[in-house]
Structure formats: C-alpha cells, structure tokens
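Subject: The structure, and what turned up in it

Hi,

Here is the structure I promised to pass on. Please open it alongside this email, and you can follow the notes below residue by residue.

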Amino acid sequence: GLIFYDTKVTVMNRVLNATVQRTADHAAPEITLDPLEIVGGEIRASENSYFCQAARQLSSVPSSQLCVKLASGGDPTYAFNIRFTGEEVHGTSGSFRHFLWQVCKELQSSSLSLLLLCPSSAVNKNKGKYILTPSPITYAEEQLFHFFGQLLGIAIRADVPLPLDLLPSFWKTLVGEPLDPDVDLQEADILTYNYVKKFENISDETELEALCAEIASQHLATESPDCPNKPCCKFTYLSLTGEEVELCPRGRHIPVGWENKDVYAAAIRSLRMRELQTPECMTAVRAGLGSIIPLQLLTTLTPLEMELRTCGLPYINLEFLKAHTMYQVGLMETDQHIEFFWSALEMFTQEELCKFIKFACNQERIPFTCPCKDGGPDTAHVPPYPMKIAPPDGAAGT
C-alpha cells in the first residue's frame, strides 16, 4: 500500500515486456471459432461455447506462445489470432476483442458452470457479482479453470479490460490475501451471515428454542429425538451449490443445543469461508495465470489493483476518452457537429456509453490509463486509443 498504483503498473509493464517469449518473427497461434454453434442466443451445450471451443484448441499450444509484449500502437500483437468460420474479418484486433467480450458473457451466464452468482445478490446486495463455483472439480473442469486463469493473463498483456464482475473475495484469494470471516461472508452471502449472527447472539435457552422453531417453520430443522414435538437444528447446512452437507462427522444425527450452538455457528462460517477460497479451483486459475505472467507480480498488487489491471473500471470516463481522440484531415474539435457529438454522448447513461464503446471498438470497457500521456520514449497509445473521428467518405449530403 506504500507504492502508487501508476508506479506498480510501470514496473509490471516492464516485467511483462521483459518476459516476452513469442517475438514478432514467430507466427501467432490461430484458432477457428464457429459462430453457428452458439447461434440463437442460448448456447445449446457448454462445449459449443466460444470459451470451450478456444480452450480445446489452445490446450495443445505451449503457453510460451501466448506470452507476447504489451499491446500498443496500431495493430498490436495479440496472444492468438481468431478466425470466424464463414466471416471475412480485416485485421486481428476486432475479432480478438469481440472474442474476449463474448467469453465474459458466457462465463457470467448459465451456459458455463465455472462462476456462480453470489447468494447476496438474491437480496439485492452485490447484485450481479460472481464467485468461483465451489465444488470438487473433475479433470476437465480443472482444465477450464486453468484456461480461465490464462485468459486473465492474456487480457492483461493485451490491455483489454474484461467486463467481469467478481466479488472482492476472488481477487483477494488470487493475490494471496486472507479473507475476512466477517466482511467477506457478509459480501458473498448475507443470509448465512445473519443466520450465523443469530446463533452467536443468543443469550438463553428459550431464545435458542424460539430460533429453532422459527427455522423449523422454514423447513431447515427437524424434530428433536428426545422430545418429539420440540424442533431442533442438526449439524448440517446447505452448501453454496445447494446440497445439504454435514458440518462434522455424523452431523445429521447431532442436534444443536445450548452447549454446542457456538460450535455450530463457527462450523457454518468455516464451511462458507472454505467455499469462498475454493482452493482446488483457485490453484488451477493461478496456474493458468502464472503460465502467462509471472505470479511474483501479484505480491505488489492489492486485490482492488489487480481487479483494475484486469477488468478496468466498469464505467466510461468521457473526459479521458476526449483526451484520447484524434480528428482526421480537416476536422477540428470546435466544429459544430463534433460539439454536437460530444454533447450527445454526455446525455448517454453509462449503459448506453458501454454500448457505444462496444459499437466503436468491440469491447465494453476501455483502459483508464495510457502511456502516451507521459511523453516518454514509449508514447504509443494503448489500443483501442486513440479514437479517430474522420470526415465522411465521399462528398454527398451535408
């Protein structure tokens, strides 16, 4: 926390450029995607998604081939080139950026099961934020998590901010920072947080009985074996994926009573913290990321800085865009229609601005830092900057 973010990014960029393994004289790996496989908006099967099509084809490409220098200037070097079956595309930038955008959409939909909507979003807290799906993973899923990690690294080298909305607990675990059992549980699953708090704050046995009765009315509890009409909770709880799990060996047969209620509350809390850390999934993600960028870089970044470097800001700063706009032959910033253009953009909502950016350069988020401002030897813009505004082709019409 003692180093400015810009300084960290400068160091990081120098390290990334020093660890390039595929130089300009080597051809980029190429993958072919079939848009018809995902036609109709809903992806029929997850293996048809762009994400899985790409993961399959890149699994045989050595990761060193994907370690390219940072994107800058006109038509930058990207980790791989993309061909869409039956479509003629000029240059490599547009299809690459469209691919990253599409993949983020797939990751945050029901078609892939790698990410899970955080339970708090059901009650309007952290709406639309995701966490890694915590479950024992198969070899195939491990490969997909590895590829997800590689994509994070590829986006960092390409300087294309990914439109991913992940909870802070994901970034904390990624950079190796411990989770806070209060704050992170509340962010991810406020209902469980409140449930645990109720058990921790009970002051006498009648309150405990009342609480068990309330839970029984929501079908979470069963009757006590000793006295059949008295409801009680057992040492089980629902996992994030909705299965009932035992919180200790033979938990289904152990009732929660006055003497073990704190153990019960602590067991639920540690179940959720384990699920948020998802060690198996996170190990695969970090291994994928580490095959593209040196993991030692993460030790200098806070979780928020890592998120900024990978996903950028979820809103568009018009002033920054204006400062990185070039006017082509014969146009001036003071021309009336250019002024109309900017004042129209100023009336846009953030959602509309993202759509405008997507229309203009095939990505929803744009970098909010650019080396051109420093005026150093590295004065090239970060793509997709600068935005260019040109006069119309042909002279017809006003």
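Let me start with R269, which is buried, with a relative accessible area of 13%. Please keep in mind throughout that this is a predicted model.

R269 forms a salt bridge with E200, and their closest N and O atoms are 3.2 Å apart. R269 sits in helix α9 (residues 261–277) while E200 belongs to helix α7, so this pair ties together parts that are 69 residues apart in sequence. Unlike the buried R269, E200 is partly exposed, at a relative accessible area of 31%.

E200 has another partner to look at. K197 also forms a salt bridge with E200, and here the closest N and O atoms are 3.4 Å apart. K197 and E200 are three residues apart in helix α7, so about one helical turn separates them. K197 counts as partly exposed because its relative accessibility is 23%, which falls between the 20% limit for buried and the 50% limit for exposed.

From K197 you can step on to D182. These two form a salt bridge as well, with the closest N and O atoms 3.9 Å apart. K197 lies in helix α7 (residues 190–200) and D182 in the loop between α5 (168–175) and α6 (183–188), so the bridge ties together parts that are 15 residues apart in sequence. D182 is partly exposed, with a relative accessible area of 31%.

What do these contacts add up to? R269 and E200 are bridged at 3.2 Å, and salt bridges that share partners join D182, K197, E200 and R269 into one network. For the model as a whole, the count comes to 15 salt bridges.

Next, some acidic residues on the surface. Which residues gather in a patch of negative charge there? They are D204, E205, E207 and E259. D204 lies in the loop between α7 and α8, and it is partly exposed, with a relative accessible area of 33%. E205 is placed in helix α8 (residues 205–217). With a relative accessible area of 51%, E205 is exposed, since the cut-off for that label is over 50%. D204 also gives a feel for distances in the model: its C-alpha atom is separated by 63 Å from that of P383, and the two residues are 179 apart along the chain.

Helix α4 is worth a look too. Is it mostly buried or exposed? Of its 20 residues, 14 are buried, so α4 is largely enclosed by the rest of the structure. Its length also checks out: at 1.5 Å a residue, the 20 residues of α4 (residues 139–158) should span 28 Å, and the end C-alpha atoms are 28 Å apart, which agrees. Just after α4 comes D159, which takes a positive phi of about 55°.

Finally, the overall picture. The protein chain has 14 helices and 10 strands. Its C-alpha trace spans about 90 × 50 × 50 Å along the principal axes. Of the 398 residues in the chain, 46% are buried.

If you only have a few minutes, I would begin with the network of D182, K197, E200 and R269, and then turn to the negative patch that includes D204 and E205.

Best wishes

Terms used
Residues are numbered from 1 along each chain as its sequence is written. This is a predicted model: local features need pLDDT of at least 70, side-chain atom pairs count only at pLDDT 80 or more; totals for chains, interfaces and linings use all residues. Side-chain values use heavy atoms; hydrogens and water are left out. Patches are made of residues with over 30% relative accessible area and no salt bridge: like charges are joined within 9 Å, nonpolar side chains (Val, Leu, Ile, Met, Phe, Trp, Tyr) within 5 Å. Accessible areas come from the Shrake-Rupley method with a 1.4 Å probe; for residues, only the protein chains shown count as cover. A salt bridge is a side-chain nitrogen of Lys or Arg within 4 Å of a carboxyl oxygen of Asp or Glu. Lys and Arg count as positive and Asp and Glu as negative; His and the chain ends are not counted. The place of a charge is taken as NZ of Lys, CZ of Arg, CG of Asp or CD of Glu. Helices (H or I, at least four residues) and strands (E, at least two) are DSSP runs, numbered from the N terminus. Buried means under 20% relative accessible area, exposed over 50%, partly exposed in between (1.4 Å probe, protein chains only). The expected span of a helix is 1.5 Å times one less than its number of residues.
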